[in-house]
Amino acid sequence: MKRIFGIAILTALMACNQANKNSTESKDSTKTDSVAVKNEVAIKDKKKSEIFNQYVVLKDALVKSDSASAQKSAAQLQTSLAGYKGCEPTAAVAGKISASNNLVSQRKDFTVLSADLIALLKGAEIEKGTIYVQHCPMANKGDGGDWLSTEKEIKNPYYGNEMLECGRVAEEIKAK
């Protein structure tokens with residue numbers, strides 16, 4: 001059983017590494033374009049915009065495996081979500097992240113938070129830029145996990161430096 005599990009993990013890691021290799025090859029050919037153009041996202045609803053920007057700060061803290069910064073940004077996000085009608089349950093999830101200094105726990109709650117915010121932002125009126133919905137199939141013990149990003153480049157908040165580039169763009173939410 002251990003051998004089968006080990007082979008499954010090795011296969012998954014190799015798949016992520018292969019995807020990383022391919023994405024690195026394609027990045028090199030367009031490197032000058034991506035350096036020159038930064039994807040700025042503008043959302044018409046200012047409260048949704050604030051929520052999204054705070055979420056990105058939280059995501060970046062998890063990418064860096066910085067639990068203290070994740071706590072601080074989750075607390076700010078909790079306040080904004082609590083003030084947005086219908087987002088009170090999502091605010092409670094952000095509160096769980098801000099109350100914990102355990103990265104594993106924070107990342108698990110981040111999955112629920114992300115699912116809620118993906119749903120919220122799919123209905124947002126994007127005025128400028130693109131929001132990328134990204135997916136890691138290995139997150140949450142193989143159940144997978146999604147997150148939002150302003151960048152097409154994968155920076156995995158579920159594993160940080162362990163598997164920074166593991167994942168793919170699942171969807172793009174664009175300005176109409």
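## Exposure and the model

A residue is buried when its relative accessible area is under 20%, exposed when it is over 50%, and partly exposed in between. Glu-40 has a relative accessible area of 46%, so it is partly exposed. The structure is a predicted model. Of the 176 residues in the chain, 40% count as buried.

## Overall layout

The chain holds six helices and five strands. From the N terminus, the order of elements is α-α-β-α-α-α-α-β-β-β-β. Contacts reach across the sequence. Among contacts with a separation of 6 or more, 62% join residues 24 or more positions apart.

## Helix 3

Helix 3 covers residues 46-63, which makes 18 residues. From its first C-alpha to its last, helix 3 reaches 26 Å. That is close to the 26 Å expected at 1.5 Å a residue. At the start of the helix, a side-chain oxygen of Asp-45 comes to within 2.9 Å of the backbone nitrogen of Lys-47. Just after the helix, Ser-65 has a positive phi of about 55 degrees.

Which residues of helix 3 are buried? They are Lys-48, Ser-49, Ile-51, Phe-52, Gln-54, Tyr-55, Val-56, Leu-58, Lys-59, Ala-61, Leu-62 and Val-63. Their cover includes both helices and strands. On the helix side, it includes helix 4 (67-82), helix 5 (88-99) and helix 6 (103-122). On the strand side, it includes strand 1, strand 3 (130-136) and strand 4 (145-149).

## Aromatic residues and Ser-114

The model has three aromatic pairs. In one of them, the ring centres of Tyr-55 and Phe-110 are 5.3 Å apart and the planes meet at 15 degrees, so this pair is stacked. Tyr-55 belongs to helix 3 and Phe-110 to helix 6, so the pair ties together parts 55 residues apart in sequence. Tyr-55 is buried, at 0% relative accessible area. Phe-110 is also buried, at 0%. Tyr-55 and Phe-110 form one aromatic cluster with Trp-147 and Tyr-158.

Ser-114 lies in helix 6. Is this residue buried or exposed? Ser-114 counts as buried, because its relative accessibility is 0%. Its side chain makes a polar contact of 2.6 Å with the side chain of Tyr-55. Leaving aside neighbours within four places in sequence, Ser-114 is in contact with Tyr-55, Asp-146, Trp-147 and Tyr-158. Three of these names, Tyr-55, Trp-147 and Tyr-158, also appear in the aromatic cluster.

## Salt bridges

Side chains of opposite charge can pair when their charged atoms come close. The count here is seven salt bridges. One joins Lys-128 to Glu-40, at 3.7 Å from N to O. Its two ends are 88 residues apart and link distant parts of the chain. Lys-128 sits in strand 2 (residues 126-128). Glu-40 sits in the loop between helix 2 (31-36) and strand 1 (42-43). Lys-128 is partly exposed, at 45% relative accessibility. Its partner Glu-40 is partly exposed too, at 46%.

Another salt bridge joins Asp-60 and Lys-59, at 2.8 Å from N to O. The two ends fall in separate exposure classes. Lys-59 is buried, with a relative accessible area of 3%, whereas Asp-60 is partly exposed, at 32%. A further bridge joins Lys-174 and Glu-172, at 3.2 Å. Lys-174 is partly exposed at 45%, and Glu-172 is partly exposed at 32%. Salt bridges with shared partners join Lys-152, Glu-172 and Lys-174 into one network.

## Cysteines

A disulfide is a covalent bond between the sulfur atoms of two cysteines. How many disulfides does the structure hold? The number is zero. Cys-136 is in no disulfide, and the nearest cysteine sulfur, that of Cys-166, lies 4.2 Å away. A disulfide would need the two sulfur atoms within 2.5 Å. Cys-136 counts as buried, at 0% relative accessibility. Cys-87 is buried as well, with a relative accessible area of 7%.

Key. Residues numbered from 1 in each chain as written. Predicted model: local features only at pLDDT ≥ 70, side-chain atom pairs only at ≥ 80, totals over all residues. Heavy atoms only, no water. Salt bridge = Lys/Arg side-chain N within 4 Å of Asp/Glu carboxyl O. Helix = DSSP H or I, 4+ residues; strand = E, 2+ residues; numbered from the N terminus. Buried < 20%, exposed > 50% of the residue type's maximum accessible area, 1.4 Å probe, protein only. Expected span 1.5 Å × (residues − 1). Contact = heavy atoms within 4.5 Å. Polar contact = N/O pair within 3.5 Å; in protein donor to acceptor, adjacent residues only side chain to side chain. Phe/Tyr/Trp six-rings, centres within 6.5 Å; stacked < 30°, edge-to-face > 60°.
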